[in-house]
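Trainee: Could you take one small part of this model, look at it closely with me, and then work outward from there to the parts that can be read in a similar way?

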Amino acid sequence: MPVINRIAAFQPEMQGWRQDIHAHPELNYEEHRTSETVARLLAEWGIEVHRGIAKTGVVGVLRNGASGRAIGLRADMDALPMPEETGLPYASKNPGKMHACGHDGHTTMLLGAAKYLAETKQFDGTVVFIFQPAEEGGAGGQKMVQEGLFTRFPVDAVYAVHNDPGAKLGEIQAVSGPVLAAADMLDIRVRGRGGHAARPHLAIDPVLVGAQIVVGLHQIVSRRVDPLDSAVISLCQFTAGSAHNVIPDFAEIRGTVRTLLPRTQDEMERLIIQGAKGIAALNDAEAEVNYQRGYPPTVNHEAETERAAMAAAKVTGAERVIRNKPPVMGGEDFSFMLLERPGCFVRIGQADGAKGAVPVHNTKYDFNDDLLPIGASFFASLVEQELRKA
């Protein structure tokens, strides 16, 4: 694969960074060790370092030449609250925490690009390296934007990369339009009337009402959403009661809602609230619905996607750049950055046979280190392309 030779030469060094970060996973806004590692390396390479944005976020700034052009490159740093079962020598040393989504690899790829660009400086303009905390549900991307990321560090466009265990190693997806879904959260509290399990007619059973709500809400997608549109309702928690023979007063249901279009997101919220309250009322119960808007859809901008595809082709060849692929219903808070600046969210395959093919958010997942020089070369090629010297 025609990765940049200098980056290929320090792949072992990159692998060491990645495996060290993997062994010390940190959760939302707790990425103190990781951000310290990132800041230290950037400073060693002569890159201007800014810390404290979104608590544990790090921003590196590298300037060269007289051009006023600027490009932003983003990587996420946080891990997931789950155990690791890989058995690897560098497996998590922090119980209940794991890099199960490859953010250790994303951070390392951006570090690799930063090291190369600081050495070679084959560009004219400013590169802003964005190391973001709290992607996994903590909306770190939103917080960085709210705290003035693009005001303090103006860029013309912003780009990010994510590994894809479902695609072949080095296959790069640069697709315009929606690529990931909005990710909303749903909490329903069903209020009934408790009583003895032997006399259910004297109670209002919130478990039965909650079960009807679960079934009813799952019918919304199949009967109220255009089949050519996309939506997902997943109700993942149902809790109630404290004993085998006591009908409780309350039941609680929690889940997530995924949509690609704003109008569908609005309609899902309306139908879910209406449906839950209506089913409860039919049973003389009450339903309190808390529908929380989460990450918006991740929508790639057309022109910037073309630019990303051009840079990708230089690294892997045009035949390995995928330009048309259906959206995935996962969520990603890089979406907040794309609302502020044009850009592109790129996915790069990491599966090489069985290596790198375990899905993300799995206790046996591991980032494929063979992807490190490919991702770093993509970032670096993008910078040299977009900030080309005259």
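Mentor: Let us begin with His 361, which has a relative accessible area of 43% and is therefore partly exposed, because that class lies between the cut-offs of 20% for buried and 50% for exposed. Please keep in mind throughout that this is a predicted model. His 361 sits in the loop between strand S16 (343–351) and helix H11 (372–386), and its phi is positive, about 65°, although it is not a glycine. That deserves a pause, because most residues other than glycine have a negative phi.

Lys 55 can be read in the same careful way: this residue, which is not a glycine either, has a positive phi of about 70°, and its place is the loop between S1 and S2. With a relative accessibility of 55%, Lys 55 counts as exposed, because the cut-off for that class is over 50%.

Positive phi values also turn up just after helices. Lys 121, which comes just after H4, takes a positive phi of about 50°, while Gly 46, which follows H3, has a positive phi near 80°.

Those two helices are worth following. For H4, a rise of 1.5 Å a residue over 18 residues leads us to expect a span of 26 Å, and the end C-alpha atoms are indeed 26 Å apart, so expectation and model agree. Of the 18 residues of H4, 16 are buried, which means that the helix is largely enclosed by the rest of the structure. The 13 residues of helix H3 (residues 32–44) pass the same kind of check, because the expected span is 18 Å and the end C-alpha atoms are 18 Å apart. The buried residues of H3 are Thr 34, Ser 35, Thr 37, Val 38, Ala 39, Leu 41 and Leu 42, and they pack against helix H2 (11–23), strand S1 (48–53), strand S2 (57–64), helix H4 (103–120) and strand S4 (125–132).

Now let us turn to a sheet and the helices that lie across it. Four strands form an open sheet in the order S10-S12-S8-S13, with antiparallel pairing. Strand S10 (231–240) and strand S13 (286–295) stand at the edges with a single partner strand each, so one side of each has no neighbour in the sheet. From one strand to the next, the twist averages 15°. Within this sheet, strand S8 (residues 182–191) and strand S12 (residues 250–259) pair in the antiparallel sense over 10 bridges, and Asp 184 stands opposite Val 257 in S12.

H7 lies across S8, S10, S12 and S13 and runs at about 170° to S10, while H8 lies across S8, S10, S12 and S13 and runs at about 165° to S13. Two packed helices are described by the angle between their axes and the distance between the axes. For helix H7 (residues 206–224) and helix H8 (residues 262–282), the axes come within 9 Å and cross at roughly 145°, and the crossing is right-handed. Among the residues that meet there are Val 209, Ile 213, Leu 217 and Arg 224 in H7, and Met 268, Arg 270, Gly 275 and Ile 279 in H8. Taken together, the residues of this contact divide into 11 nonpolar, three polar and three charged.

Note on methods:
Residues numbered from 1 in each chain as written. Predicted model: local features only at pLDDT ≥ 70, side-chain atom pairs only at ≥ 80, totals over all residues. Heavy atoms only, no water. Helix = DSSP H or I, 4+ residues; strand = E, 2+ residues; numbered from the N terminus. Expected span 1.5 Å × (residues − 1). Buried < 20%, exposed > 50% of the residue type's maximum accessible area, 1.4 Å probe, protein only. Contact = heavy atoms within 4.5 Å. Axes fitted to C-alpha atoms, helices over the stretch in contact; angles between N-to-C directions. Left-handed = near helix turned anticlockwise from the far one by under 90°. Nonpolar A, V, L, I, M, F, W, Y, C, P; charged D, E, K, R; others polar. Pairing = 2+ DSSP bridges.
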